[in-house]
Amino acid sequence: MTDSRLVEAFVAGDELGIKALYERYGGLVFTYCVRTVGRDAAADLTQEVFVASWKNRHQYDPEAGNLAAWLMGIARNKVKDELRRRSRRPQIVTDEMPPLPAVDNADDIGDRMLVASLLDELTPRARQNVELAFIEDLTHEQISEKTGTPLGTVKSDIRRSLDFLRRHLKEAP
Amino acid sequence: MSEEEEMATDAELEALLKRVTAEDRQLEDPPAEVWAGISRQITSTKRGRRRWTWVAVPIAAAIAAFVFIGPASEEVLASADLSAEGLPAGPEGLTGAARLIERDGQLLLVVDLDPPPSDGFLELWLLDAEASRLISLGVFEDGRAYPLPPGIDVGEFPVVDVSIEPLDGDPTHSGASIARGVLQA
């Protein structure tokens, strides 16, 4: 389902819409939860995130922000609430649970995972150029040399990709 | 966004991209029960809403023949004739009427007995059709409008019952009803 049709189906509120949202972003939300609150709590929390998103779907404004960012915002808040709850209780640490990350670490993990998922929405060439620039830390000249893409193309790919990412990272208020 | 703002956000965005790790890109599918749970909760929320609509329909049908009583914003949704017939504790000749009304958005039950009882501790109840489950509305006062407990399904508790109670501190129905009737839309 394309983005705008996904948004339409989701806001319409029927099960097809929430299912499409879940199929698209269920893995992202679940993995985020596993990494922040641990595997035991991740399934329940993921369920809560999607049910809350369905109940609050009328509050999502497509003009104001990206649906994935809005959804991850819900996930982030639930994760942070759970982490704050735990920090007030004595914990039995099992092997399964990751060391409790600080609440602001949960923010960064969420940001990184969201932007990483957005990379998959870039064209293959633009994605490659962005990865080479920021994950491999190559200069534009090095990228041009390595890929055989003209330097100007590399620069404009990266420029447009950053614009795209910035737009889609914006959460609806 | 101004050019400076854009550049500043670019710097943040580039810094964020640089922090992305391979682990951030490895996603795991949730177990199957997660979707089952989501679907279940959404369906039950929808079903809950539908049930409320269903309860409203038979009462709404009565609005077609509604009667204004008292202030203009009042509507009678259902009524019952009360009598002591068949009730061993019921005084002979006792009759009455109960009206389920909506006044200013609130559901109220108004009960009048004729003759109005002068002594005894009387209690007002709503019973289910089998007279097996009971909801107490409290001490009975003739002509008083009783607000119904929120969320009550009146279709499920249509029997109006007035009982005479001993002052023994036992909150259960004494079994001595003096008047009873069935609400009908």
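## A tour of the two chains

Start by selecting Pro91(B), which is partly exposed, with a relative accessible area of 41%; that class lies between buried (under 20%) and exposed (over 50%), taken with a 1.4 Å probe on protein chains only. Before you go on, note that this is a predicted model, in which local features need pLDDT of at least 70 and side-chain atom pairs count only at pLDDT 80 or more, while totals for chains, interfaces and linings use all residues. Residues are numbered from 1 along each chain as its sequence is written, chains are lettered from A and ligands numbered from 1 in the order in which they are written, and side-chain values use heavy atoms, without hydrogens or water.

**Around Pro91(B).** Show the ribbon and you will find Pro91(B) in the loop between strand S1 (74–83) and strand S2 (95–103) of chain B. Helices (H or I, at least four residues) and strands (E, at least two) are DSSP runs, numbered from the N terminus. Now add Ala84(B) and Ile178(B): setting aside neighbours within four places in sequence, Pro91(B) is in contact with these two, where contact means heavy atoms within 4.5 Å. Draw a C-alpha to C-alpha distance from Pro91(B) to Ile178(B) and you get 6.6 Å, although 87 residues separate them in sequence.

**Chain B as a whole.** Zoom out to see 2 helices and 8 strands, in the order α-α-β-β-β-β-β-β-β-β from the N terminus. Of its 185 residues, 35% count as buried. One more stop here is Arg144(B), whose charged end sits over the ring of Tyr146(B), 4.2 Å from its centre. The test for this is NZ of Lys or CZ of Arg within 6 Å of the ring centre and within 35 degrees of the ring normal.

**Over to chain A.** Colour by secondary structure and chain A shows 8 helices and 0 strands. Its 173 residues are 52% buried. Among contacts in chain A with a separation of 6 or more, 64% join residues 24 or more positions apart.

**Aromatic pairs.** Over all chains there are 4 aromatic pairs; rings of Phe, Tyr and Trp (its six-membered ring) pair if their centres lie within 6.5 Å, with planes under 30 degrees apart counted as stacked, over 60 as edge-to-face and the rest as tilted. Select Tyr22(A) and Phe50(A): the ring centres are 5.1 Å apart and the planes at 75°, so this pair is edge-to-face. Tyr22(A) belongs to helix H2 (residues 15–37) and Phe50(A) to helix H3 (residues 39–55) of chain A, 28 residues apart. Both Tyr22(A) and Phe50(A) are buried.

Next, pick Tyr60(A) and Trp70(A), a tilted pair at 5.3 Å centre to centre with 45° between the planes. Tyr60(A) lies in the loop between H3 and helix H4 (67–87) of chain A and Trp70(A) in H4, so the pair ties together parts 10 residues apart in sequence. Add Phe10(A), and you have one aromatic cluster with Tyr60(A) and Trp70(A). While in chain A, find Arg57(A), which lies over the face of Trp54(A), 4.6 Å from the ring centre.

**Last stop: a cavity.** What does a search of the whole structure find at 30 Å³ or more? There is 1 cavity, with a volume of about 50 Å³. On a 1 Å grid over the protein atoms alone, a cavity is a set of points where a 1.4 Å probe fits but cannot get out, and lining residues have an atom within 4 Å of a point; points are joined across faces, edges and corners, and the volume is the space filled by probe spheres set on them. Select Leu28(A), Met113(A), Ala116(A), Ser117(A), Asp120(A), Asp24(B), Arg25(B) and Leu27(B) to display the lining. Helix H5 (residues 103–119) of chain A gives the most, with 3 residues.

Note on methods. 1 Å grid on protein atoms, 1.4 Å probe; cavity = no way out; pocket = protein on both sides within 12 Å on 5 of 7 lines; lining within 4 Å.
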